[in-house]
There are 2 protein chains.
Amino acid sequence: MSGEIAVRSWVETANAPGGAFGIGNLPYGVFRRAPGKERPRIGVAIGDRILDLRVMAHAGFLRGLGEGLEAACLAQELNGLMALGGGEQRRLRERLRVLLEEGAREEAVLRATPGAFCGQREAEMLAPARIGDYTDFYASVDHATRVGRLFRPENPLLPNYKWVPIAYHGRASSIVVSGTPVRRPCGQLPGDPPLYTASRALDYELELGLFIGPGNELGETIPLGEAEEHVFGFCLVNDWSARDIQRWEYQPLGPFLGKNFATTISPWVVTMEALEAYRVPAAERAAGDPAPLPYLSGPAGLGRDAFDITLEVAIETERMRELGMAPARVCQANTRDLYWTPAQMVTHHASNGCNLRPGDLLATGTVSGPGDESRGCLLEITGGGEPLLLPDGETRRYLEDGDEVILTGYAERPGLERIGFGECRGRVVR
Amino acid sequence: MSGEIAVRSWVETANAPGGAFGIGNLPYGVFRRAPGKERPRIGVAIGDRILDLRVMAHAGFLRGLGEGLEAACLAQELNGLMALGGGEQRRLRERLRVLLEEGAREEAVLRATPGAFCGQREAEMLAPARIGDYTDFYASVDHATRVGRLFRPENPLLPNYKWVPIAYHGRASSIVVSGTPVRRPCGQLPGDPPLYTASRALDYELELGLFIGPGNELGETIPLGEAEEHVFGFCLVNDWSARDIQRWEYQPLGPFLGKNFATTISPWVVTMEALEAYRVPAAERAAGDPAPLPYLSGPAGLGRDAFDITLEVAIETERMRELGMAPARVCQANTRDLYWTPAQMVTHHASNGCNLRPGDLLATGTVSGPGDESRGCLLEITGGGEPLLLPDGETRRYLEDGDEVILTGYAERPGLERIGFGECRGRVVR
């Protein structure tokens, strides 16, 4: 169904080669037209437009899909849709595909329905879901090793790393959607005595986010083979980090104010179904690495799949904007290099009976790879040595005011439709 | 106004000496009469009864307090009431006091109003608020020192402790109200190889919780002198901890599955106003300790007040129940011994611009004191040495299935009305 290149849409811009939002993608988001006035509504990205699910439901295009599903499409956030099982979600997806594909019977009626579409340029994108809890993992062994080396050169990876999908709870209240300015945080910087002032080591982290679909009850676990049924879809995440605040505060209870001043997410949630063709077996573990414990293992394909998603970071400084230069790409990484799969993260999270709820956000932690081009944060790029040299001649050890960080993501392979994530942007302000 | 012993209520049980809920207390909670059927409603504890604010509002007893306040009293959780400023909250409190005090003009009408009161025994108590984010501090220097000694005998307190009010984000989804059974969690226990099985080191932690009232905008800080205006009130918190899971997972990002399987809170929220008479200056810092940084300091009384609240832990085992024995008190501590005040915790939390929202829960971390009788968790009591001996001859290093942990709290002093917190109970089940 998805991922195959044959299907085209009658929305012409959806067929542009290299576009993010072809008919095989159909990501969900929440938007409104007139900022501050129109009630937020759920939309689906198609080409350069958004299909308005509120209008679709009211105009009867979702009839027969079930009352629960229609009600969920009328909501102001995706939580209700996320709570539905995979069967209902697939029915909705199929209906949307049928409505939007080339030659669709409903094309003329849809074209004539007022408000059925909104241009993406005319829309204000909002946070896609009410996020109850936000959890951040540490799933890239390359990231953990490089960062660990800065703190413990002789022993970069802690003994638990290859057994436990390490994670911590982040802050839900300060999750903002792409485009929201990020204020440079103040905090205690290490020193003798420490000093409360603006951070001098502001960094980004390139991450993939997983939105939880149906949840589990408190006290119940989620077997690995069922874990993916609890994942609704993916977004991009920038886990902004003030390294100086973090370094001073993080022992013994982990990161807190060094992280919780802001986390930026992309507005479009790319579903599991859209990425079906981009499953790949998880990377082989290195010789000598332990096999995952039984609760994190399973027959091939059952929770052991990674996803072949390319993630990139670009930086645009104030000066680059003045010079009219394009943002400079400073990282390209792939989530297939992660040490733990999405299913393993979900299963581990619930392995003590912790309840996950629809709309909860799990992030992978910084996605890095083995190569120097795939270092997902400035701490990895510049931490031990030389600053980063940008194409206009500027250098950066950490972010400066006015810098904009742009995360992008996509899955593509010859013969398969490209699935894009759009952008996750944030500019540092004072 | 509050805290003075002179005022009595025409609700006779509110005047019982040593009772928790006299007319000077008036804590808020959420309850319903017929489990699963009646819509949850806000109530105020008075003696052995609950005044139903939903009925009060409908019957016109809250007239003139403002539409926002009346609407907040009709809600199914306290968030709306918490969001209002201190002025409005004081108006509501004053109205309730006038309605309930001895000689009140409205006594007869109130007595005749159907459903105005519900017996506490007839009520099912629910979580008082929708908790957006839950943060747990580490504010007891005695707890931090004792626990640190188990891990680092030569250097128990880390260098940041006396500068930074250390905290981490906990899990909001698994916060449950008193009386909810707590299932013993499974998890990875340290070993070679580690083993996924039921925890063998289940512990409680005695804590005080702070509910946030009015919040702050993302990017804005909260000056110390204004911090208390952002605190609505207090509850009891049991931060259940699986020490074996925690020990293996917690480096480098802090506690996760060792904590997030359950956190129990007491149902009644005791307001800041009720505790006004129990303010005490924060404990003097030890000679050689640094003064708090300027953003955490202020003139006396401005955010430098502690609260004189006694907290206790009792344990009741299966066998003690069979023998008809009373629960055994195993700890008595006081929040005046904490190293950081509630105001300092709030100000620190927002010092990087992190936004707090009405209904967010901040907990103090384990409340312990210098003496052996004031160790707020089993890790402190038995960690290095002998197990705890219970009055029936049983011993405990950690909790066993069937053990019930009962936290209580109160403020009392000669000549002042006693302010009780009620109970925070949880029984360990398999």
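This is a tour of a predicted two-chain model, with selections to make in the viewer and a description of what each one shows.

Residues are numbered from 1 along each chain as its sequence is written, while chains are lettered from A and ligands numbered from 1 in the order in which they are written. Because the model is predicted, local features need pLDDT of at least 70 and side-chain atom pairs count only at pLDDT 80 or more, whereas totals for chains, interfaces and linings use all residues; side-chain values use heavy atoms, with hydrogens and water left out.

**The two chains together**

Begin with both chains displayed. Two copies of a chain are related by a rotation about an axis and a shift along it. Here chain B is superposed on chain A by a rotation of 180° with 0.0 Å of shift along the axis, at an RMSD of 0.0 Å, with the superposition done by least squares on the C-alpha atoms of residues with pLDDT of at least 70 in both copies. That is the relation of a two-fold axis. To locate the axis from chain B, select B:Gly254, whose C-alpha is the nearest to it in that chain, at 2.1 Å.

**The interface**

Next, select the residues of each chain that are in contact with the other chain (heavy atoms within 4.5 Å): the contact takes 54 residues from chain B and 54 residues from chain A. Of the interface residues of chain B, 100% are also interface residues in chain A, so the copies meet through the same surface. The two chains bury about 5200 Å² between them, 60% of it on carbon and sulfur atoms; this buried area is the accessible area (1.4 Å probe) that two parts lose on being put together, summed over both. On the side of chain B, select B:Arg171, B:Leu253 and B:Phe256, which lose the most area to chain A and together make up 15% of what that side buries.

Keep B:Arg171 selected and add A:Asp133, since the two form a salt bridge whose closest N and O atoms are 3.5 Å apart. A salt bridge is a side-chain nitrogen of Lys or Arg within 4 Å of a carboxyl oxygen of Asp or Glu, and by this rule the interface of chain B and chain A holds six.

**Aromatic rings in chain A**

How many aromatic pairs does a search of the whole structure find? It finds 20 over all chains, where rings of Phe, Tyr and Trp (its six-membered ring) pair if their centres lie within 6.5 Å, with planes under 30 degrees apart counted as stacked, over 60 as edge-to-face and the rest as tilted. Select A:Trp10 and A:Phe117, an edge-to-face pair at 5.8 Å centre to centre and 85° between the planes. A:Trp10 lies in the segment before β1 (28-32) and A:Phe117 in strand β4 (residues 117-119) of chain A, so the pair ties together parts that are 107 residues apart in sequence; helices (H or I, at least four residues) and strands (E, at least two) are DSSP runs, numbered from the N terminus.

Both rings belong to buried residues, with relative accessible areas of 7% for A:Trp10 and 14% for A:Phe117; buried means under 20% relative accessible area, exposed over 50% and partly exposed in between (1.4 Å probe, protein chains only). Add A:Arg49, which lies over the face of A:Phe117 at 4.6 Å from the ring centre. A charge sits over a ring if NZ of Lys or CZ of Arg is within 6 Å of the ring centre and within 35 degrees of the ring normal. Elsewhere in chain A, the charged end of A:Arg418 sits over the ring of A:Tyr410, 4.5 Å from its centre, and A:Tyr138, A:Tyr161, A:Tyr339 and A:Trp340 form one aromatic cluster.

**A covered helix**

Now select helix α6 (residues 141-151) of chain A, which is mostly covered, with eight of its 11 residues buried. Among them are A:Val141, A:His143 and A:Arg146, and the buried residues of this helix pack against α10 (378-382) of chain A.

**Backbone details**

Most residues other than glycine have a negative phi, and most peptide bonds are trans. Select A:Leu26, which has a positive phi of about 55° although it is not a glycine; A:Leu26 is buried, at a relative accessible area of 2%. Finish with two cis peptide bonds, the one from A:Gln251 to A:Pro252, with omega near 0°, and the one from B:Asp192 to B:Pro193, with omega near 5°. A:Pro252 is in the loop between α7 (243-249) and β16 (263-265) of chain A, and B:Pro193 is in the loop between β10 (186-189) and β11 (195-198) of chain B.
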